[in-house]
Amino acid sequence: MNKIYIIPTPIGNLEDITFRAITTLKNVDCILAEDTRKSKKLLNHYNISTKIISYHQHNEHQKLMKIIENIKSGINYAIISDAGTPSISDPGFLLVRECVKNDILVETLPGPTALIPALVNSGLASDRFVFEGFLPKKKIDRERILLEISKNEKTTILYESPKRLIKLLKELLEFCGGDREIMVARELTKKFEEHVGNNINNVIEFFKDKEIIGEITIVIKGIKKRDFNPNKSIIKKDLNYLIDAGLSLSAASKYLAKKNGLKKSEVYNLI
Ligand code: SAM
């Protein structure tokens, strides 16, 4: 049967792996791993001696079609990433998409991922949430998503590297205000796991003079619609972007008014 297995692996604590994940990794013909050296530690821990080859964001385009051909000819693969679930801010998506296109069965095992324990542990609403992963680097795209987060009624989850945490917190302060509730989960499942809250001001205060190390997931409370207070300086920035991009003042104001629940004249008057 043509099939690929997507196998989540621990995000810190080596014991967070299912029996089925271990059996599957032992039984497939080949494991695709983001970093073979890192994954060998896990595989050795569980006496898994299956052949392992590298599959990461820099070679996935090049290897993709060969892997698809091999699966069709009967080779069984499992894919793992350095930590957590492949395809969640990690390689895997392209391969799964190509398998689906080629009628290859995809079997994704449930298992570790950082966003779920961070969300559940935060105490923030977990019935409706948005996972944004890492924010884009390009300023215009980044600000567009920050604006969305500022207005989002659902809980938002973000990934960030420790060295960029303060920069991101300051951006969240600008877009959401210091009172917005957040919870920063650091080093989930590891010895020094910690959860720092409860609003943006407090979290900045907590981290600002520290050397921040380890892995970070951020959970941000959604707003109640009636509490949304549009940030005029951000709308003004947006207005300038749209005008720079060639829209007339009237069209840009109309668009932003609709988007922010304001009157067109209120937006118009910002410039
Ligand atoms: N595929 C992974 C998953 O399923 O969660 C995510 C991989 S992504 C490249 C790595 C990011 O996930 C980190 O920068 C951090 O934001 C988050 N992360 C991974 N492990 C974590 C941990 N133990 N504690 C907190 N966040 C973690």
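**Close-up views of a ligand and its pocket**

The ligand takes up the space of the largest pocket. This is a predicted model, and the legends below walk through its pocket, its ligand and two spots in its loops.

**View 1. The largest pocket has a volume of about 830 Å³.** Which residues should you look for at its centre? Of the 33 residues in the lining, I11, D82, A83, G84 and E215 are the closest to the centre of the pocket. Three elements each give two or more residues to this lining: α2 (36-45), β7 (155-160) and β10 (216-220). Helix α2 provides the largest share, with 4 residues. Sorted by class, the lining of the largest pocket holds 12 nonpolar, 12 polar and 9 charged residues.

**View 2. A shell of 19 residues is found around the ligand.** To find your way here, start with I88, D90, T113, Y159 and I216, the residues that come nearest to the ligand. How does this shell divide by class? There are 9 nonpolar, 5 polar and 5 charged residues in the shell around the ligand.

**View 3. Polar atoms of T113, Y159 and L188 lie a few ångströms from atoms of the ligand.** In the side chain of T113, an N or O atom is 2.7 Å from an oxygen atom of the ligand. Y159 also reaches a ligand oxygen atom with its side chain, where a polar atom lies at 2.6 Å. With L188, look at the backbone instead: one of its N or O atoms is 2.9 Å from a nitrogen atom of the ligand. How much of the ligand does the protein bury? On its own the ligand exposes 570 Å², and 90% of that is buried by the protein. Strands β7 and β10 are the elements that give two or more residues to the shell around the ligand.

**View 4. G197 and N198 are joined by a cis peptide bond.** The omega angle of this bond is about -5°. Where along the chain should you look? N198 belongs to the loop between β9 (194-196) and α8 (200-207).

**View 5. N47 has a positive phi although this residue is not a glycine.** Its phi angle is about 50°. To find N47, follow the chain into the loop that runs between α2 and β3 (51-54). You have met α2 before, as the element with the largest share of the pocket lining.

Key: Residues numbered from 1 in each chain as written. Predicted model: local features only at pLDDT ≥ 70, side-chain atom pairs only at ≥ 80, totals over all residues. Heavy atoms only, no water. 1 Å grid on protein atoms, 1.4 Å probe; cavity = no way out; pocket = protein on both sides within 12 Å on 5 of 7 lines; lining within 4 Å. Points joined across faces, edges and corners; volume = space filled by probe spheres on them. Nonpolar A, V, L, I, M, F, W, Y, C, P; charged D, E, K, R; others polar. Near = heavy atom within 4 Å. Polar contact = N/O pair within 3.5 Å; in protein donor to acceptor, adjacent residues only side chain to side chain. Areas by Shrake-Rupley, 256 points an atom, 1.4 Å probe, with all protein chains shown as cover. Sits in = over half its atoms within 2 Å of the grid points.
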